[in-house]
Amino acid sequence: MTTSARAAICRGNSEPFKIEDVELDNLRPDELRIRVVACGVCHTDMAVRDEQLPVPHPVVLGHEGAGIVEEVGSAVTVAKPGDRVVMSFNSCGECPSCSIDAPTYCYNFFPHNWSGKRADGSPVMFKDGEPMNANFFGQSSFATHAIAHEANTVKIAESAADIPLERIAPIGCGLMTGAGAVLRSMKVRKGMPIAVFGAGTVGMAAIMAAKIAGANPIIAVDVNDKRLELAKELGATHAFNGKDGAMDKIRELVPQGLGYAFDTTGINTLIQEAWGLLAPMGICGIVGASDPSDNLTFNEAEFMGGGRRVMGILGGDSDVGPFLNELLDYHVKGQFPFEKLIGYFDFDQINEAIHASEDGSVVKPVLRISAE
Ligand SMILES: NC(=O)c1ccc[n+]([C@@H]2O[C@H](COP(=O)([O-])OP(=O)(O)OC[C@H]3O[C@@H](n4cnc5c(N)ncnc54)[C@H](O)[C@@H]3O)[C@@H](O)[C@H]2O)c1
Ligand SMILES: [Zn+2]
Ligand SMILES: [Zn+2]
C-alpha cells in the first residue's frame with residue numbers, strides 16, 4: 001500500500017513551489033520511510049529549480065531533511081521505527097570510491113541522487129497515479145514523508161538526544177561540506193594560516209572547523225559586512241571585505257603565505273588570486289558552484305615549484321554516518337555552534353524561506369514540517 005503525503009512541487013523558476021498531495025511507493029528492502037520534521041533550504045535546490053543541474057521537472061526537492069523513522073525495509077540495519085535520523089546524499093555502496101568510504105565521489109552519484117527516480121529507474125513518488133520526480137539526493141524532504149536509503153540515513157547518537165531535529169536537519173549538506181573540507185579533505189594543521197572566501201553556510205562551517213583544528217590566523221572574506229561580523233563570532237580572527245583590498249590585506253597579514261585558501265564563491269578570478277597567496281605546500285580547496293564554461297589558469301612553475309595544490313572537494317569527503325555524528329559531538333560541546341546560522345520558517349512559507357536565502361538575509365533557512 002502506498003503512503004499519502006504532502007510535498008512541495010517545483011515546476012521551474014517561473015512559478016512558486018506549491019504544496020500538493022502525493023503518494024509514496026512501497027519500500028524496497030534497503031529503504032526507510034521517514035516522517036520529515038524539518039528540512040534545510042540550500043542553493044542546490046534553487047540551482048535545480050533554475051535548471052542549472054540536470055534534474056528532471058516537475059520535481060520534489062529538499063535534501064537536508066531530519067525526522068523520525070516510520071517503517072523500514074527488510075534489509076535495513078542503520079535505524080528502526082521510532083529512531084531520530086538525519087538524511088544526507090545517497091551513494092551506490094559498490095563503486096571504487098564507495099568501497100574506500102569516499103561516497104561523496106560515488107561513480108554512480110547521478111542515478112542515486114539526481115535522476116528523479118530510484119537508480120533502477122522506478123518511481124518513488126506518484127501524483128494522481130502518475131510518477132512524480134523525487135528521490136532528490138535520495139530523499140526529497142520538502143515533504144511530510146520521504147523515502148530514504150540505508151546509505152544516506154544517519155541515526156542520531158544518544159549523546160545528541162537533546163538537540164532538536166529542526167536544528168540538526170541542515171547538517172548533512174553545506175555544514176558537512178565546509179567542516180569536512182577543513183577537517184578531512186585539506187586536513188588543516190594546527191597553527192597554520194587559512195583564508196575562507198565566502199561566509200555562507202559552507203564558509204561559516206569551515207571557519208568553525210578551522211577553529212577546532214587550531215588554525216591561525218583564520219581569515220574570513222565576504223562582501224557582506226553582517227556575515228563578516230558573524231564569521232568573527234564563530235572563530236574568524238580577521239574579517240576582510242572582498243570589495244576593499246582583501247587580497248592585499250591577507251598578503252600583509254601573512255607575508256609567508258597561506259597554508260590553506262578555501263573558496264566557496266566559485267568565482268574563477270577570485271580562486272586564481274587566492275591561489276597566488278599560497279605558501280609552499282599550500283592547498284587551495286574549491287567547492288563553489290561555477291559556470292560549466294569557466295576555467296582556471298595557474299603558472300606552471302609556481303604550481304610545481306612550491307608543491308602547491310588545487311583540490312576539488314565534494315561533500316567535505318564525508319563518510320556520512322561517522323562524520324555527521326562527529327560534528328554533532330562538536331555541537332554538543334559548543335564547538336560547532338551552527339544554530340547561529342539558522343532562521344526558521346513554516347512549511348507553507350517555503351517560498352519566503354527560499355527568498356530569504358537568495359537575498360542573503362538568512363544564512364540557513366530551515367522549514368518546520370511536523371512536530372518532533
Ligand atoms: N562542493 C560541494 O560539495 C558543495 C556542497 C554544498 C554547497 N556547495 C556550493 O558551495 C557554494 C557556497 O554555498 P553556501 O551555501 O555557503 O552559499 P552562500 O551563498 O550562502 O555563500 C556564499 C557567500 O559568498 C559571498 N560572496 C559572493 N561574492 C563574493 C566575493 N566576490 N568575495 C567574497 N565573498 C563573496 C556571498 O556574500 C555569500 O555570503 C555554493 O556555490 C554551493 O552550491 C558545494
Ligand atoms: Zn545542499
Ligand atoms: Zn558508489
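Over how many bridges do strand β7 and β8 pair, and in which sense? In this predicted model, strand β7, which covers residues 125-127, pairs with β8 over three bridges, and the sense of the pairing is antiparallel.

## The open sheet

The pairing of β7 with β8 belongs to a wider arrangement, in which five strands form an open sheet in the order β4-β1-β2-β7-β8, with antiparallel pairing. The edge strands of this sheet are β4 and β8, the latter made of residues 130-132, and each of them pairs on one side only. At the level of single residues, Lys127 stands opposite Glu130, a residue of β8.

## The zinc site

The zinc ion, which is ligand 2, has three residues as its protein donors, namely Cys42 through its SG atom, His63 through NE2 and Cys173 through SG, and these donors lie 2.0 to 2.2 Å from the ion. Read along the chain, the donors follow the spacing C-x20-H-x109-C. His63 lies in the loop between β4 (59-60) and β5 (65-72), whereas Cys173 lies in the loop between α3 (165-168) and α4 (174-185), so this pair ties together parts of the chain that are 110 residues apart in sequence. Both His63 and Cys173 are buried.

## The surroundings of ligand 1

Ligand 1 is surrounded by 21 residues, and the closest of them are Val202, Asp222, Arg227, Ala289 and Gly315. Sorted by the character of their side chains, the residues of this shell divide into 10 nonpolar, nine polar and two charged. Two elements, α5 (201-213) and β12 (218-222), each supply at least two residues of the shell.

Several of the closest residues can be described in finer detail. An oxygen atom of ligand 1 is 2.9 Å from a polar backbone atom of Val202, and an oxygen atom of the ligand is 2.7 Å from a polar backbone atom of Gly315. With Arg227 the side chain is involved, since an N or O atom there is 2.8 Å from an oxygen atom of ligand 1. Taken alone, ligand 1 exposes 860 Å², and the protein buries 79% of that area.

## A contact in a loop

Asp359 is found in the loop between α11 (350-358) and β18 (364-368). Is Asp359 buried, exposed or partly exposed? Asp359 has a relative accessible area of 47%, and because partly exposed covers the range between 20% and 50%, Asp359 counts as partly exposed. The side chain of Asp359 is joined to the side chain of Ser361 by a polar contact of 2.6 Å.

Note on methods. Residues numbered from 1 in each chain as written. Chains lettered and ligands numbered in written order. Predicted model: local features only at pLDDT ≥ 70, side-chain atom pairs only at ≥ 80, totals over all residues. Heavy atoms only, no water. Donors = N, O, S within 2.8 Å, 3.2 Å for Na, K, Ca; no water. Helix = DSSP H or I, 4+ residues; strand = E, 2+ residues; numbered from the N terminus. Buried < 20%, exposed > 50% of the residue type's maximum accessible area, 1.4 Å probe, protein only. Pairing = 2+ DSSP bridges. Near = heavy atom within 4 Å. Polar contact = N/O pair within 3.5 Å; in protein donor to acceptor, adjacent residues only side chain to side chain. Areas by Shrake-Rupley, 256 points an atom, 1.4 Å probe, with all protein chains shown as cover. Nonpolar A, V, L, I, M, F, W, Y, C, P; charged D, E, K, R; others polar.
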